[in-house]
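Student: I have a new structure open and would like to talk it through. Could we go over it together?

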Amino acid sequence: MIQNALMRSQEFVSRNGQTMDLNVELQQDIIQLQDEILLSDWNAQKNILAIYQLNCIKLIQNNQILQIMPTVVGECFSRVKLMKFDRSSGNNMLIVYENGAAKVIDTTIQIIKMFNIKNASKLLDFHWNLNWPNVVALIFEKDVEIVDIYKCQTLKYLENVIHFEWRHFDHFIVMDLNYYINLMQIDIDKPQLQLKAELETTLIEFNKRKTLLASFSSTLNVIKIWTLQNDEYVFEITDDQKILQFCWCSSQNANYLITLTSQTLNIWDVEFGQIKSTYEIDFNVAKMVSMDLLNDTPQVVLIGEKVVLYDLINKKRRVFNCDTPNKVLRINDEEILFIFRSSYIVYKKN
């Protein structure tokens, strides 16, 4: 149906959806901190964890503090609103303060650039470009400003936007207030492709290879799959139960989408348009996280009354004996990092 956009993993689709509990014991590195963790980010390229606590940002590697940076703007401490490592090199971090001041630092906390963001009170988020470490998209309440942070130059300003996501290099998608999804380029004003999403679409997300796009209308309980090769969707996912969340499998050469309801975890093969595996869920789930792995094995973590990792190829699950974490991050194929209010835990296989 959509073979030009897809690659396959026959091993994955050949198995049924039964699961077994995995009884492998895990080592735990529990790091207790005195102050609350207000923000955190993981640098996958450099294996560095950044945490923001009151008045300082700490860079941590192998549970050892590498650097501590006071959150000072001018002569006063200022609260940090957002902070993220760049997604292309991992060499830099952008820190945005509540007063609109912004700093680009490297992993030795040397300041590379300082600038101010207008209307910072309306800033919701920012997204580093996936390939260019100098380009950032600032996400405001209804607008998006794409800037070269080294030159302090606006590359593009977009109004009436309710969703933004980078595709690659200078390409990105935006969804406007009329639920049109526009595939655009930084230096071209006219959309290269326009898709009409369902009303009340609440989420759009690329698969990991950026070849497929899923749009989700929670009101209509429908997910549509687009190839970005034409303006028609190629597959539609519905369910008798309410779809609570969805995510793409993290595998780079498989195109499987995971949907979560109150009772089931369904794995969809979007090429053949059918469910390949179904797992029964025996607890209330508040959040689902897809794990990015080095060995290309799709896994998800469900967070709720329990914290459970599902291995979607080997059909096994691991229940973690811990409180509900605020964030779950994959460090590598052998370790998972859970961030709590004032501590973090690294789980390691024996």
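Tutor: We will go through one lysine, some salt bridges, a hairpin and a few aromatic pairs, and please keep in mind that this is a predicted model.

Student: Okay, where is lysine 103?

Tutor: Lysine 103 sits in strand E11, which covers residues 101-106.

Student: Which side chain of opposite charge is nearest to lysine 103, and how far away is it?

Tutor: That is aspartate 106, at 12 Å, and lysine 103 has no salt bridge although it is buried. Its side chain does reach the backbone oxygen of valine 72, at 2.7 Å.

Student: And what is lysine 103 in contact with, leaving aside neighbours within four places in sequence?

Tutor: The contacts of lysine 103 include Val72, Met93, Leu94, Ile95 and Tyr97, and another charged residue, Lys113, is also among them.

Student: Switching to salt bridges, how many are there?

Tutor: The count comes to 11. One of them joins glutamate 165 and lysine 210, whose closest N and O atoms are 3.9 Å apart. That pair links distant parts of the chain, since glutamate 165 belongs to strand E17 and lysine 210 to the loop between strands E21 and E22, 45 residues apart.

Student: Are glutamate 165 and lysine 210 buried or exposed?

Tutor: Both glutamate 165 and lysine 210 are buried.

Student: What about lysine 224, which residue does it meet in a salt bridge?

Tutor: Lysine 224 meets glutamate 198, with 2.4 Å from N to O. Lysine 224 has a relative accessible area of 8%, which is under the 20% limit, so it counts as buried.

Student: New topic: how do strands E27 and E28 run?

Tutor: They run antiparallel, and six bridges join E27 (residues 264-269) to E28 (residues 274-280). Asparagine 266, for instance, has threonine 278 in E28 as its bridge partner. The hairpin has four residues between the strands, and glycine 273 takes a positive phi near 70° there.

Student: Last one, how many aromatic pairs are found in the whole structure?

Tutor: A search of the whole structure finds 12. In one of these, tryptophan 226 and tyrosine 233 have ring centres 5.9 Å apart and planes at 75°, and the pair is therefore edge-to-face.

Student: Why is the pair of phenylalanine 235 and tryptophan 268 called tilted?

Tutor: The planes of those two rings stand at 55°, with the centres 6.0 Å apart, so the pair is tilted. Phenylalanine 235 lies in strand E24 and tryptophan 268 in strand E27, so the pair ties together parts that are 33 residues apart in sequence. Phenylalanine 235 and tryptophan 268 are both buried.

Methods: Residues are numbered from 1 along each chain as its sequence is written. This is a predicted model: local features need pLDDT of at least 70, side-chain atom pairs count only at pLDDT 80 or more; totals for chains, interfaces and linings use all residues. Side-chain values use heavy atoms; hydrogens and water are left out. Helices (H or I, at least four residues) and strands (E, at least two) are DSSP runs, numbered from the N terminus. Buried means under 20% relative accessible area, exposed over 50%, partly exposed in between (1.4 Å probe, protein chains only). Lys and Arg count as positive and Asp and Glu as negative; His and the chain ends are not counted. A salt bridge is a side-chain nitrogen of Lys or Arg within 4 Å of a carboxyl oxygen of Asp or Glu. A polar contact is a pair of N or O atoms within 3.5 Å; within protein, one must be able to donate a hydrogen and the other to accept it, and residues adjacent in sequence count only if both atoms are side-chain atoms. Contact means heavy atoms within 4.5 Å. Two strands pair if DSSP finds at least two bridges between them. Rings of Phe, Tyr and Trp (its six-membered ring) pair if their centres lie within 6.5 Å; planes under 30 degrees apart count as stacked, over 60 as edge-to-face and the rest as tilted.
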